[in-house]
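Me: Please take a close look at the sheet in this model. I would like to know how its strands are paired, what happens in the turns, and what packs against it.

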Amino acid sequence: MSDADLQVLESQFPAVSGQAFAAAREQVLASGQSVLQSEGGFVVRVYPDGRKEVVKQIEPPIRVKSGTVYTIR
């Protein structure tokens, strides 16, 4: 696989992973189970009927620019 092929795959990753997570979330809700998600500094449990229950307060989200690279040491 060439570097160009890898770059194409890497550029597609954000959209494809977003679609996969959305599909998995919908599948779980359709099966009658709840999901946890973050919303504006809170962890929220979302039920299949649309109800939401705050589970815990967390640090507020940090906006990042798409394409930003972080190095973990």
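**The sheet and its surroundings**

Reply: Strand E2 and strand E3 (residues 52-57) run antiparallel and are joined by five bridges. The model is a predicted one, and the description below follows the sheet outward from this pair.

Two residue pairs show how E2 and E3 are aligned. Valine 46 stands opposite lysine 52 in E3, and valine 43 stands opposite lysine 56 of that strand. The two strands form a hairpin with five residues between them. In this turn, glycine 50 has a positive phi of about 100°. An arginine and a tyrosine also interact here: the charged end of arginine 51 sits over the ring of tyrosine 47, at 4.0 Å from the ring centre. As for ring-to-ring contacts, a search of the whole structure gives zero aromatic pairs.

On its other pairing, E2 (residues 42-46) is joined to strand E1 (residues 35-39), again by five bridges and in antiparallel fashion. Glutamate 39 has phenylalanine 42 in E2 as its bridge partner. The hairpin of E1 and E2 has two residues between the strands, and glycine 40 takes a positive phi near 50° there.

Taken together, the three strands make an open sheet with antiparallel pairing, in the order E1-E2-E3. E1 and E3 are the edge strands; each has a single partner strand, so one side of each is left without a neighbour in the sheet. From one strand to the next, the twist averages 30°.

Helix H1 packs on this sheet and touches E1 and E2. The direction of H1 makes about 130° with that of E1. H1 covers residues 3-30, which is 28 residues. At 1.5 Å a residue the helix should span 40 Å, and its end C-alpha atoms are 40 Å apart, so the expected span and the model agree. H1 nevertheless has a bend of about 45° at phenylalanine 13, and a proline, proline 14, follows within four residues. After H1 comes glycine 32, whose phi is positive, near 95°.

To return to the turns, positive phi values are found at glycine 40 in the hairpin of E1 and E2 and at glycine 50 in the hairpin of E2 and E3. Glycine 32, which follows H1, also has a positive phi.

How values were computed
Residues are numbered from 1 along each chain as its sequence is written. This is a predicted model: local features need pLDDT of at least 70, side-chain atom pairs count only at pLDDT 80 or more; totals for chains, interfaces and linings use all residues. Side-chain values use heavy atoms; hydrogens and water are left out. Rings of Phe, Tyr and Trp (its six-membered ring) pair if their centres lie within 6.5 Å; planes under 30 degrees apart count as stacked, over 60 as edge-to-face and the rest as tilted. A charge sits over a ring if NZ of Lys or CZ of Arg is within 6 Å of the ring centre and within 35 degrees of the ring normal. The expected span of a helix is 1.5 Å times one less than its number of residues. The bend at a residue is the angle between axes fitted to the seven residues ending there and the seven starting there. Two strands pair if DSSP finds at least two bridges between them. Axes are lines fitted to C-alpha atoms, for helices over the stretch in contact, and angles run from 0 to 180 degrees between N-to-C directions. Contact means heavy atoms within 4.5 Å.
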